[in-house]
Amino acid sequence: MSNPFRDLPAVARVLETAAAVAARARHSAADLTKAVRDQLDTIRAAIAARGEAGDVSAESIAAAAVARLDVDAIPRLRPVINATGVVLHTNLGRAPLAEEAARAAFEAGRGYLNLELDLASGKRGSRQDAVRDGIRAVTGAEAATAVNNCAAATVIVLRAVAAGREVIVSRGQLIEIGGGFRIPDIMAVSGATLREVGTTNITRVADYERAIGPSTAALMRVHTSNYRVRGYTKAVGLDELVAVGRTRGLPVIDDAGSGQSLDLAPFGLPGEPLVSAGIAAGTDLVLFSGDKLLGGPQAGIIAGRADLIRRIEADPLMRAFRLDKMTLAALEVTLRLYRDPTRARRDIPVLRMLTTPLPDLTARAERFAERLRGVGVQADVQADVAYVGGGSLPDVAVPTAVVAVHTANEAELAARLRGGSPGVVGRIQGGRLLLDLRTVFERQEDELLSAIRVAFTFAE
Ligand SMILES: *Cc1c(COP(=O)(O)O)cnc(C)c1O
């Protein structure tokens with residue numbers, strides 16, 4: 001009887017196969033040798049366990065070793081086609097950038113730039129200057145700055161304005177956003193003391209007034225981004241809070257969360273009062289995320305009174321929370337797009353996706369379903385609803401049209417699609433895989449089609 005271990009080809013022999021030689025173009029000799037050795041070890045282990053290991057030709061071992069290296073060479077972070085219809089999907093990186101903003105980040109990343117250099121005078125400048133004017137224009141505020149995200153903005157604002165003193169917040173607004181962001185914890189980290197007023201469902205102006213004392217530093221409103229209290233409820237409006245703040249000489253801070261900056265009501269998205277309305281009403285500081293409804297990079301935007309912004313920028317945490325050059329470049333360009341609202345709606349993907357009219361989306365879905373049927377995949381179009389996501393507009397269901405892919409095993413198909421490159425994420429519902437093209441870029445449709453084709457070849 002032959003010894004199966006003896007039948008294994010030598011490492012050198014495997015490295016001479018056509019597959020291994022071709023792979024030298026993209027993998028180092030050391031990596032190839034190691035991958036072949038690893039593959040041989042895997043086979044030896046299989047022989048030890050089962051007495052045999054199938055095809056042990058040099059060609060088949062080379063192919064397996066190269067496949068291992070190829071998979072390993074794909075970065076962990078890779079492009080995903082978002083076919084969920086959730087426009088601000090935190091797990092998928094929230095807002096995709098406008099082309100121009102992405103290009104600005106790319107250019108900033110691959111070279112040098114005048115990040116902290118005033119090119120006119122040759123003197124040192126502030127990196128925040130790149131985004132101040134844009135934030136001021138969008139919010140109408142007197143002054144502005146930006147940090148890494150809205151969570152960081154909340155910490156630094158509370159620290160600069162209220163460390164060692166009290167901040168009054170309604171019990172109905174002591175939220176957890178997710179990812180460990182809880183208002184009471186953030187308050188504790190900042191060094192300010194939380195003074196809760198009212199109840200879960202009812203808070204009145206009088207509750208704030210009674211709680212104000214010598215140690216009060218500010219009144220704060222927190223946007224209840226991802227939930228709603230319904231039924232017997234009463235909350236104090238921002239304008240009422242501003243009135244109390246004015247009378248008692250206290251700043252009003254608004255953690256606006258998603259921070260809507262463009263009126264989407266004409267597109268059937270009722271949404272919220274704009275950030276600029278809050279500033280116009282007299283809010284002293286407003287904070288919101290750069291990568292929610294603004295449609296820019298991850299950032300925490302802070303806008304409001306110049307004296308408060310100066311205090312915030314003087315805080316030592318500013319150095320820890322400051323934005324990097326690529327984000328600043330992308331944020332500046334995103335904010336510039338808002339100068340022309342029509343352009344903003346067209347070029348900022350989040351706004352374009354949210355405002356795509358249903359008939360357009362339905363027609364696109366029909367065309368895509370037709371293409372799928374053309375390659376032998378059973379698919380049709382269904383009416384459905386999507387949500388904005390990312391802790392934005394929790395009440396607003398956006399009517400949408402989805403491509404429903406019929407399959408014997410939707411979980412297996414979904415797993416295959418996720419595992420592809422690019423990965424594809426859809427929704428499983430009622431035994432179908434649903435693909436919502438609202439969040440799929442038109443340029444991705446060919447890739448999506450071939451990803452589904454490939455997944456079907458394996459799954460069915
Ligand atoms: C999303 C959100 C935050 C956190 O913002 P990040 O930019 O993700 O840090 C804070 N507050 C509110 C009200 C939010 O909706």
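**Figure 1. Overview of the domains in the predicted model.** The centres of domain 1 and domain 3, taken over C-alpha atoms, are separated by 55 Å in this predicted model. Domain 1 covers residues 4-73, and domain 3 covers residues 99-347. Domain 2 is written as two stretches of the chain, 80-89 and 352-459. Taken along the principal axes, the C-alpha atoms of the protein fill a box of roughly 95 × 55 × 45 Å. The protein has 19 helices and 15 strands. It has 460 residues, and 47% of them count as buried. Among the contacts with a separation of 6 or more, 75% are between residues 24 or more positions apart.

**Figure 2. Close-up of Lys-292 and the residues in contact with it.** Lys-292 lies in the loop between strand 9 (285-289) and strand 10 (300-304). The UniProt record, an unreviewed entry, places the feature "modified residue: N6-(pyridoxal phosphate)lysine" at this residue. Is Lys-292 buried or exposed? Its relative accessible area is 5%, and a residue counts as buried under 20%, so Lys-292 is buried. Neighbours within four places in sequence are left aside in the list of contacts that follows. Lys-292 is in contact with Leu-88, Arg-94, Ala-95 and Gly-257, and also with Ser-258, Val-350, Gly-390 and Ser-392.

**Figure 3. Close-up of the backbone at Arg-94.** Arg-94 is one of the residues in contact with Lys-292. Arg-94 lies in the loop between strand 1 (80-82) and helix 5. Most residues other than glycine have a negative phi. Arg-94 is not a glycine, yet its phi is positive, at about 50°.

**Figure 4. Parallel pairing of strands 3, 7, 8 and 9.** Strand 3 (residues 166-170) and strand 7 run parallel and are joined by four bridges. In this pair, Glu-166 stands opposite Thr-216 of strand 7. Six of the seven residues of strand 7 (residues 216-222) are buried, so the rest of the structure largely encloses this strand. Strand 7 also pairs with strand 8 (residues 252-257) in the parallel sense, over four bridges. Here Arg-221 stands opposite Asp-254 in strand 8. Strand 8 in turn pairs with strand 9 in the parallel sense, again over four bridges. Ile-253 stands opposite Leu-285 in strand 9. How many residues of strand 9 are buried? Five of its five residues are buried, and the strand is mostly covered. Leu-285, Leu-287 and Ser-289 are on one side of strand 9, Val-286 and Phe-288 are on the other, and both faces are covered.

**Figure 5. Strand 2 and its antiparallel partner, strand 10.** Strand 2 (residues 143-147) is largely enclosed by the rest of the structure, because five of its five residues are buried. Ala-143, Thr-145 and Val-147 point one way from the strand. Ala-144 and Ala-146 point the other way. Which way does strand 10 run against strand 2? The two strands run antiparallel, with five bridges between them. One of the residues in strand 2, Thr-145, has Ile-302 of strand 10 as its bridge partner.

**Figure 6. Close-up of Gln-128.** Gln-128 is found in the loop between helix 5 (99-110) and helix 6 (129-139). With a relative accessibility of 5%, Gln-128 counts as buried. Leaving aside its neighbours within four places in sequence, Gln-128 is in contact with Thr-145 and Ala-146. Gln-128 is also in contact with Glu-313 and Met-318.

**Figure 7. Close-up of Ala-102 in helix 5.** Ala-102 lies in helix 5. Its relative accessibility is 35%, so Ala-102 counts as partly exposed. Along the chain, Ala-102 and Leu-317 are 215 residues apart. Their C-alpha atoms are separated by 27 Å.

**Figure 8. The peptide bond before Pro-422.** Pro-422 lies in the loop between helix 18 (410-419) and strand 13 (423-425). Most peptide bonds are trans. The bond from Ser-421 to Pro-422 is cis, with omega near 5°.

**Figure 9. A charge over a ring at Phe-441.** The charged end of Arg-443 sits over the ring of Phe-441. The distance from this charged end to the centre of the ring is 4.2 Å. How many aromatic pairs does a search of the whole structure find? The search finds zero.

Terms used:
Residues are numbered from 1 along each chain as its sequence is written. This is a predicted model: local features need pLDDT of at least 70, side-chain atom pairs count only at pLDDT 80 or more; totals for chains, interfaces and linings use all residues. Side-chain values use heavy atoms; hydrogens and water are left out. Rings of Phe, Tyr and Trp (its six-membered ring) pair if their centres lie within 6.5 Å; planes under 30 degrees apart count as stacked, over 60 as edge-to-face and the rest as tilted. A charge sits over a ring if NZ of Lys or CZ of Arg is within 6 Å of the ring centre and within 35 degrees of the ring normal. Domain bounds come from an automatic or database domain assignment. UniProt positions are given in the numbering used here, feature names are shortened, and annotations may be inferred rather than shown by experiment. Buried means under 20% relative accessible area, exposed over 50%, partly exposed in between (1.4 Å probe, protein chains only). Contact means heavy atoms within 4.5 Å. Two strands pair if DSSP finds at least two bridges between them.
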